Structures are given as structure tokens and as C-alpha cells.
Amino acid sequence: MVPALLLCWSFGYTAALKPTCLSAQFRRPGDYILGGLFPFGTDTVNLTARSEPSLVVCERLFVEGLIWALGMKFAIDQINNSSSLLPGVQLGYEMHDTCFEPMVALQPSLLLLARSGTRALPVLCNSTSYQPRITAVIGPHKSGLCLLTAKLFSSFLIPQVSYAASSEMLSNTKLYPSFYRTVPSDKSLVEAVVLLLKKFGWNWIATIGSDNEYGRGAQGLFLSIAGNHSICIAFEGLIPADLADPKAKKQLEDTIKLINRTKVNVIVLFASSHPAQALLQHSVRMGLSKKVWIGTEAWILSDIIASIPNIQSIGTVLGFIIKTGTVPGFQQYVANLFTSIQQDKFCQESREFNQLMNSEVLDTPCEECDHISPHQVLSTLSHFQVQPIHIAVHSVATALHRALGCTHQACPKAPIRPWQLLHFMNTLPFEVNGQSFRFDQSHGTNTGYKLVFWSWKNNTLTYLPVGDYEESLYINTSQIQFHTADQKEPTSECFRDCSPGQFRQIKGFHLCCYDCTDCPENTFWSSKDSSTCSPCPEQQWSPARSTQCHDRSERFLFWSEPLSVALLTLMSITLSLTCLTALLFFKSLETPLVQASGGKLSLFALFALVLLCLSCCLYIGKPSHHLCMTQQMVYALCLNGCFSTFFIKSLEITLMTEFPRCAPTFLPWLTQRRAWLLVALCLLTQSLLCFCYLHLGPDYLLSDYKSLPTEVLLVCDTRSWFAFTLLHGYNSCLAFVSFLGTFMVQTSGRKYNIARGITFAILIYFIIWIFFIAIFVTLKTVLRSVTQIGTILTTTLGILGTYYIPKCYILLLKPDLNTVDYFQNSIKEEPEEDSQ
């Protein structure tokens, strides 16, 4: 028994796989040729891996595309056998595969544009008299493909009639003057969906579109129209059209998680069949709660989606499909055709017709069709719509009939250019099976929509018509059984409570559509106004998602922080060195070295450096307005006290070396008591500049609320850079003059060079100030005070190290050099031994 069953099964399987000649049915010669673009295949296998322009191969047969092609063949065979439409004229056809890919559709489109009887496509300035291979084109089906091919055919004004493309962009007759379609545009579909939502009071919904031309276009239209009808979009997203993308799975999962988060009960899905299938499979797998799904013809009638395991768990499915009638005789025609293609005589005739088409440029459009079983096709015909294709073919045939001037008896076979058909397609109606059609101003036929409901009984799906739309919407609500416990429509209204610290960010123009958004930093949420966050006062701050503001703490250079302790320690060391140096100079005041260095003027300079060190304390602690005014003046005056002694000493050196004849006259003014008059004059001049500084714009206390997130920065800021330059420029001038007077002075090896100490001290001062200015101008933090303290201490240490410490070395360790002979006239150049 079992072997017999296996033998019968094997025989039946072998018979089903017996090759036929169905692939030879898609080309026929005729007096006028119509081109056809249909998706015979899907899933390109070498598109992304192409490194050269080779032929793109499709992996799987697309049965719906085959049925569309058979619908065109049926319509043309009907017309060729008709005695009223194009009598005596034979229409031919040439169909090609688009494989769902614009790149694939472009190659046959170029072939269809080739000159009649050839495979050449000339480039002409004027194509008015040009006669291509075809008179008109039927297809393709996808909006994305039509947006590409319509530009190509419109440039030659060749009529192109699509049977499924619905993008609103194709309604632009200026861009696509020869494009027509026998289905409504997405705008009509979106208007129907909006009316459905308003009918049930659903104003809080999610909308998802596939990331392709159809999904993006339909969703964009829906968002613009829904906003004008007080429908709020809780979530809008795109799902990948390319499911082979490694990121596609995660994107689908993230979309479902976001839908769950919004807690909407209604989802509008504008997607092609494969992206919709992937989304619904993930919805079932991830346990998405039951929703109302509103779909479109792109996926609502898909057998693949209906066969997803446990698909009933997604909830209620409503969808709009184009309102079309049946095409009488089509199913019987397909059944007879499958009988004929198994006969050798019929197949031989079909191959002979194919050879007449000169179509060796492209391979047979559907080689897989030779191995398809009749059951695969006939089982799909029951709910598959071919009337749009039937209408498309009849629209071209009727226009050709009128362009030729045919009568009911015969048609003259005159040459007709494709562009000559456009006038008749634009203006006159045409009949198909007793029903009248006309292209509107946007070159479309608005036949309206039917609303269908997925009705499940005993795990069997029925597409139950529950309404229709044609300018107005009618719904028979009693036939719709929703997924709710009482089988009544669920509510989907906008109602969410934002958490404290979040405000309602309005999306669009309607108050019910909002996102809960965290209040940003330095703002707070008030229950009195939940639609926005109030800014904190300038003296306060707040973290993100806060319900109150906090007082800012003050930030400045505190006495107790480690950086201040380190600076104070360095200041103490510098101060101790300066005091010890002064003490040593005081004890050795009458020695030749101290006298040569300026005597009591040196003690005064060291006293000024002591005060300069102590001025570091002005930059630590909480600043005030008066303290900021004082800082720069104290620094300038203390430094001036030191530089004024250098200035006097450099003048003395200059007189002794450069002007020895004038030295006896002017030297008394630079020594002894008169030198103090010059010091007083320098300090008086600096005091006058301090007064100008106060008048022009002293430093002021700046309360900076922007630099630090939670604190107010108290810093002394410069009000006038001109006043700053005037105040410190005088000291720089004294230093520069002192430098000029000392840097060229030479002394014999037996004498001590006092000028060299002044030169290096001034040089270090200038180097420090170059770095100080570069840093000080750009800083507006506590480091500004650190920079000034560092400048004071390094300047003091530089002067001590280059001018005073070498003298201390002689006083302490080389007392034998501290003689009158060694320091007397030490600044004057003396001849060497060999000059005797």
C-alpha cells in the first residue's frame, strides 16, 4: 500500500514539474506593439555584489507579477478578436521583468525606446517623427519604478499606464506629462483612512511606513492631512524595505517597543507586503498587545501575511482595497492557457512568434514560469485584481482606435507616433466591459475603495466587505467584530500623564499630540504649566528633569583648597628668600659690593619685592569690587619701586660706559640723595597712571553664571584693556630702557659685571610677561587669579636669582672679592693685560 502511494505521488510530482512554454507567451508581433513591465521575479541575487554591468538575476518567481502579465495578454487577445475595437488591427506586445528593482527596470525601458525594428536608440534634437519599438507602455507596478521610468518615457511623450503605482508625486503632469494610472492616488487612500479614524473617534494613533517610495509618500500625505482633522500621531516610524540589511531586525524590534511605549490602540500601516510581513511576524513573536491595524491594498490581501502563524493575535485588521470589478472570462482564459502550453503544437507556434520579435537583446523574462503548476496560479486568482491592467490596455487601445480614425468595420493601418495618442487619452472617455472610465486632470482614474475586514472563522480568513469610499465613507459597523471583550470598537484617545520634571512637547499643531520631554538643565517643571519648563533665575540652577531650582554656590580661589596652599607655600619661600637677602644686604650695607649695587636703593628694591610677594594674598579669597580695583595697582606700584632702582643704576652704567666725559657732571644726580628724587619721580608717575587707570576703567567684580553648571564664578575681569596696558606699560618702558643701558656693557675678567644682573633680570621679566598676557587674556576662571600669583612669584624669583643671589654668594662665600679694588669702577671697560 505504501509503495503504491509513493509511486503515485512521485508520478504526480514529475508531471507537475514537466516544463511548459509559458515563458514564450510574453512576446507577440503585431501592427502596433505595447510594452509591458511586470515583476516576474523578486529577490535579486547579485545586485550588491556587481563589479561590472552584468545582467541582474532574480531568485524567486513572483506569482502576482505573472498574473498581471497574463491580464495584459488576455486584454490584448480580447481586443485582437474584437470587431468593434481596432477591427482589422493586430496588437502585439513585449513584456519584460522589473524584478522590483529600478536598475533592472531601466534596461528593458531603454530597449522599448529603441527605434522600431532595431535595437538602436539614437540621440535626436527633435523626436517628433521618431518611431520607437512600442506605441505605449503598460506598467510598472511600484511607485518607485514609475518615478524612474516615467521621466524616461515622458521625455519622448510615450503613453505609460501603470496598474498599481499610487504615489501622489506621479500626479504632477508637468513632470510626468505622459504618465497615466488606472488606480487612485495615495491622496484618495489617505483621505479614506482619515475619515475612518474620525468615524470611530480614534485621535491618538501610530503610523508606520515602509522605507521606500510608497511608504514614505503615503505616510507623509497622511501626516499632513491627519493634522488638519485633529488626529494626533503618537508615533511615526519607518521600517526597512530591505530585509537583508543586518540592521533590519533590530529596527523592527525597536519599532514594536516604541509602539508598546506609546500605548496606542490603533496603528495605520502604509507598507509593501514584505516589510509588512516582517513587522507583523515580529509583533506576534514579541507579544505585542492586540491593536486595530488599518492597512492598504499593498499588504491587506497578501496570502503570505495571512499565513503567518498565530496572526490572529495581532487584533483587528481593517483595510482599504481598490474598488474594482471582475474581468469576465479571465479565470477560464488562464485555465485554457495552462492546458495549451502543455501541447507541443501550441508551443512550437509560440516560439516561432517569439523569433519574429527580434528580442534576443534580453533573455526570456520568466524562465521559472515554465515550471509553475496551474494550481499555484489558479489559487491566487480568486481574490486577485486584474481589472486595473485590463483598463490600462483598453485605454491605450481606445486612444489608438481614435487616432487611426477607425470605424466599426475597419481601421486604416497608418503610422502613428506615440505622442499622438495623448490628446485622445486626456480628453475622451472609454468603455471597458460596459463601464465608462476617464482620466482626470492628474491622469488617474478614481474608482474608489472598498473597506474589508479580516474575519476569522475556524482558522479560515475571509475578506469581508464592510464599507466603501468614493468621496464619502460608508461603514457597516455591525459586521465588524473587534478584538475587545464586548467586540465594540476600542478607544484610542490622547491621554498621558508626564512624570514630574517632564513637560508636554507639542507635536504638530494640536494639543493632544505631545511627547513627554525631560526639562533641560537650569529649568524646572511647575505643575501650574505642564506644557513648558520655566527657566531658573540667574542666581540658581537645576539638574535635568527637576521640579525646583537650587541656589548657586560661589566659586573663587579659596584659602583652604590645595592649589591655594601650594601657592601660599611658594609665596612664603619667596618672601623668606627676599627678607634674608634684604637682611644680608643691610648687614653689609657699607661694603663695596652693596654700595656698587646701589646701597640703600637696593634695600628699597628688596622692600618693594617683599610687598610684591605679599600682594599675592589679594588674589586669594572672596573677591570684591574694591579688591579688584586694587590688585593691578598694587602690583604695578610694587614692581615700579624695584624697576626704578634698576633704571637709576642703568643710567649710571650708561654714563660711565657710553658718555664718560659727561659722567662727572650728571653722575651726582644719579647717586646719593638725589637718586631718591628719581625714585620718587618714577613712583609719582606710576601713581598718576594708577589714577588714569581708575578713571578709564579699572578691573571689576564679575559674577559669571555661565561658565560653571552649578556655581557662580566670582572673578575680577578687565573692563578696559587700554587702561590695563597704560598701567603696566610704564613699568615695561622702564624695564626696556634699563635693558638697553646694560645689555652691551662689558667688563674685564678681573671685575664684577653689575650690568649683567640687571640685563638678565629684565629679560626674565619680559619672558614671563609674554606668557602671562597670552594666558591671562583667554582665562575667565579661578585660574586667572592663579596666573597672576604665578606671574608675581616667578618675576620676584627671577629678579632675586639673577640680580641679588649672585651678590649674596659673594657676600657669604667669597668675602675676599668684596673689596674696593674689585668693585670700584667695575662698570667701566678696562684694558686687558696685553694692551700694555
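Here is a short chat about the sheets, helices and salt bridges of this predicted model.

Reader: Let's start with the open sheet of eight strands: which strands are at its edges?

Author: The strands line up as S10-S9-S11-S12-S13-S16-S17-S18, with mixed pairing. From one strand to the next, the twist averages 25 degrees. An edge strand pairs on one side only, and that description fits S10 (232–239) and S18 (473–475).

Reader: Inside that sheet, which residue of S11 does Thr-207 stand opposite?

Author: Strand S9 (residues 204–210) and strand S11 (residues 266–270) run parallel and are joined by four bridges. Thr-207 has its opposite number in S11, and that is Val-268.

Reader: What angle does helix H5 make with S18?

Author: Helix H5 (residues 186–200) packs on the eight-strand sheet, and the strands it touches include S9, S11 and strand S12 (291–296). S18 is also one of the strands touched by H5, and the angle between their directions is about 50 degrees.

Reader: And helix H6, at what angle does it run to S9?

Author: Helix H6 (residues 213–227) lies across S9, S10, S11 and S12. Angles over 145 degrees count as roughly antiparallel. H6 falls in that class relative to S9, running at about 155 degrees.

Reader: There's also an open sheet of six strands; which strands stand at its edges?

Author: The order here is S1-S5-S2-S6-S7-S8, and the pairing is mixed. The two edge strands each have a single partner strand, so one side of each is left without a neighbour in the sheet. They are S1 (27–28) and S8 (179–181).

Reader: Which residue of S6 is opposite Leu-34?

Author: Strand S2 (residues 32–38) runs parallel to S6, and three bridges join them. Opposite Leu-34 in S6 stands Ala-136.

Reader: Which helix lies across S2, S5, S6 and strand S7 (160–162)?

Author: Look for a helix running at about 160 degrees to S2. Over 145 degrees counts as roughly antiparallel. The helix covers residues 387–404, and it is H14.

Reader: How are helices H2 and H13 oriented to each other?

Author: The axes of H2 (residues 63–80) and H13 (residues 374–381) come within 10 Å and cross at roughly 80 degrees. The contact is made by Val-63, Leu-66 and Ile-67 of H2 with Gln-376, Val-377, Thr-380 and Leu-381 of H13. By class, that's five nonpolar, two polar and no charged residues. As for orientation, the two helices are therefore roughly perpendicular.

Reader: On to salt bridges: how far apart in sequence are Glu-94 and Arg-133?

Author: Glu-94 and Arg-133 form a salt bridge, with their closest N and O atoms 3.1 Å apart. Both residues are buried. Glu-94 sits in strand S5 (residues 91–97) and Arg-133 in the loop between helix H3 (102–112) and strand S6 (136–138), a separation of 39 residues.

Reader: Is Glu-554 buried or partly exposed?

Author: Glu-554 meets Lys-622 in a salt bridge at 3.3 Å, N to O. Glu-554 lies in strand S25 (residues 553–555) and Lys-622 in the loop between helix H18 (600–614) and helix H19 (625–658), so the bridge ties together parts 68 residues apart in sequence. With 35% relative accessibility, Glu-554 counts as partly exposed.

Reader: Is Thr-135 buried or exposed?

Author: Thr-135 lies in the loop between H3 and S6. Among the residues it touches are Tyr-32, Ile-33, Pro-418 and Leu-421. Its relative accessibility is 3%, and buried means under 20%, so Thr-135 counts as buried.

Terms used. Residues numbered from 1 in each chain as written. Predicted model: local features only at pLDDT ≥ 70, side-chain atom pairs only at ≥ 80, totals over all residues. Heavy atoms only, no water. Axes fitted to C-alpha atoms, helices over the stretch in contact; angles between N-to-C directions. Parallel < 35°, antiparallel > 145°, perpendicular 65-115°, else oblique. Contact = heavy atoms within 4.5 Å. Nonpolar A, V, L, I, M, F, W, Y, C, P; charged D, E, K, R; others polar. Pairing = 2+ DSSP bridges. Salt bridge = Lys/Arg side-chain N within 4 Å of Asp/Glu carboxyl O. Buried < 20%, exposed > 50% of the residue type's maximum accessible area, 1.4 Å probe, protein only. Lists of a residue's contacts leave out its neighbours within four places in sequence.
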